[in-house]
Amino acid sequence: MTTQLSIPKIILDTDPGGDDIFAFLWLLSLVKKQYAELIAVTSADGNVAAKRTFSSASQLLNLVGFPDIEVGRGIPVKREALEDASHIHGSDGMGNLSHTLPPATHNFEKARCSDEIIIDKLNTHPGEITIVAIGPLTNLAAAEEKSPGILKKAKEIVIMGGAFFISGNVTPHAEFNIWFNPEAAQTVFDSRNDIVVLPLDVTQHLIFTRDMAQVVSQTNPKSKLSQFLIPLVEFMIGTALEYRETARIPGLLVHDAATLGYLFYPETLFLRRAKVRIETKGEWTKGQTLIDSRPAPKTEANAWVALQVDESKFFTSLVEDLNRLFKSAII
């Protein structure tokens, strides 16, 4: 007698920018192959404003053929002099290419708020849903504050965020997703003791090159996906080189894709147990992520933190899965 394991149910919490798009497309390739079920996309305020990330999520779902997946409306972050990442990802978060994609069909004004979707789905499927959070953690924190204990009902929470033993990418000490709303990040890390964290310590090694993009696009060069991928990669390479992110290697850092590597190809990452704390008050260190590396018992650990990655295995899996998605894409 054999037992068939159910495929994982996933909520993708995202603020579509260049690296979010790679994670998004990788996940949709796995959904197409029935390795995962995407039950909702909860858009977030972050790389660009909430209304724009909502629209981008809708366009990406339409591009790949999933127009019926629900998209949540992100909770806006109220903070003085808040800086987004449009200088990295383009004014639309998509390399200024959103006009080349199918139009958004989800209605921002009528959409449910992202925190409401998280609460509803976790109550409906307790212990079954993995939340993949690849933007600021505002939506998750809002759900936890509105319904205390709700995040414990997730099967797992996997986060791209933080920088522990390296410099940040938005300040000398902080990574963007955590820095954008550090109070929300602390709320999420306080919600349970098994958060999985993919920080810059590993994602700084994940350089998706121009050659990889060519390999993927040439499987179906006339498809809408390929016509979108190549200029997006070129745009993101331009900003990566301008901000010296890739040591002059012509590629872009696909930070957020690390979450999918962990979930579906766990042999590519090596994690350690830790207690993660977020600096919420420091004048110069706000958004910094901290763990205690002293040789003492870690009795209050709340997370698993990835600090090593096998880049070769990671990109073998990513490129092969994207190849399958692009082969089936509409011309």
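The following paragraphs go through a predicted model, starting with its sheet and ending with its largest pocket and a few buried residues.

The sheet is open and has 8 strands, in the order 3-2-1-4-5-6-12-9, with mixed pairing. Its edges are strand 3 (71–72) and strand 9 (269–274), each of which pairs on one side only. In general, strands of a sheet pair through backbone hydrogen bonds, and they do so in a parallel or an antiparallel sense.

Strand 1 (residues 9–14) is a convenient place to begin. Strand 1 runs parallel to strand 2, to which 6 bridges join it. Within this pairing, L12 has V41 of strand 2 as its bridge partner. Strand 1 also runs parallel to strand 4 (residues 129–133), here through 5 bridges, and D13 is matched with A133 of strand 4. Strand 1 is mostly covered, with 6 of its 6 residues buried. In a regular strand, side chains alternate between the two faces of the sheet. In strand 1, K9, I11 and D13 lie on one side, while I10, L12 and T14 lie on the other, and all of these residues are buried.

Further along the sheet is strand 6 (residues 195–198). Strand 6 pairs with strand 5 in the parallel sense over 3 bridges, and M160 has L198 of strand 6 as its bridge partner. With strand 12 (residues 303–309), strand 6 again forms a parallel pairing over 3 bridges, in which I195 stands opposite A303 of strand 12. The side chains of strand 6 divide into two sets: I195 and V197 point one way and V196 and L198 the other, and all are buried.

Two helices can be placed relative to these strands. Helix 2 (residues 50–64) lies across strand 2 (37–43) and strand 3, and runs at about 155 degrees to strand 2. Helix 5 (138–146) is largely enclosed by the rest of the structure, because 7 of its 9 residues are buried. These buried residues are T138, N139, L140, A141, A142, A143 and E144. They pack against strand 1, strand 2 and strand 4 of the sheet, and also against strand 5, helix 4 (114–124) and helix 7 (182–189).

The loop that leads from helix 5 to strand 5 (156–160) contains I150. I150 counts as buried because its relative accessibility is 2%, under the 20% cut-off. Apart from neighbours within four places in sequence, I150 is in contact with I119, L122, N123, A143 and E144. Two of these contacts, A143 and E144, are also among the buried residues of helix 5. The C-alpha atom of I150 is separated by 13 Å from that of E128, a residue 22 places away along the chain.

The largest pocket holds about 580 Å³ of space. Its lining consists of 31 residues, and those that lie nearest its centre are I88, N169, F176, E245 and H255. Two or more lining residues come from each of helix 1 (18–32), helix 3 (86–89), helix 6 (176–180), helix 10 (224–242) and strand 8 (251–253). Helix 3 gives the largest share of the lining, 3 residues.

H255 links the pocket to T203, since the side chains of T203 and H255 are joined by a polar contact of 2.7 Å. T203 belongs to helix 8 (residues 200–203). Why does T203 count as buried? Its relative accessible area is 0%, and the cut-off for a buried residue is under 20%. Not counting residues up to four places away in sequence, T203 touches M160, L198, L253, H255 and A258. The contacts M160 and L198 are the bridge partners already met in the pairing of strand 5 with strand 6.

A last buried position is T268, in the loop between helix 11 (258–264) and strand 9. T268 has a relative accessibility of 0%, and therefore counts as buried. Outside its neighbours within four places in sequence, T268 is in contact with G261, Q308, V309, D310, K313 and F314.

Technical notes:
Residues numbered from 1 in each chain as written. Predicted model: local features only at pLDDT ≥ 70, side-chain atom pairs only at ≥ 80, totals over all residues. Heavy atoms only, no water. Pairing = 2+ DSSP bridges. Helix = DSSP H or I, 4+ residues; strand = E, 2+ residues; numbered from the N terminus. Contact = heavy atoms within 4.5 Å. Axes fitted to C-alpha atoms, helices over the stretch in contact; angles between N-to-C directions. Buried < 20%, exposed > 50% of the residue type's maximum accessible area, 1.4 Å probe, protein only. Polar contact = N/O pair within 3.5 Å; in protein donor to acceptor, adjacent residues only side chain to side chain. 1 Å grid on protein atoms, 1.4 Å probe; cavity = no way out; pocket = protein on both sides within 12 Å on 5 of 7 lines; lining within 4 Å. Points joined across faces, edges and corners; volume = space filled by probe spheres on them.
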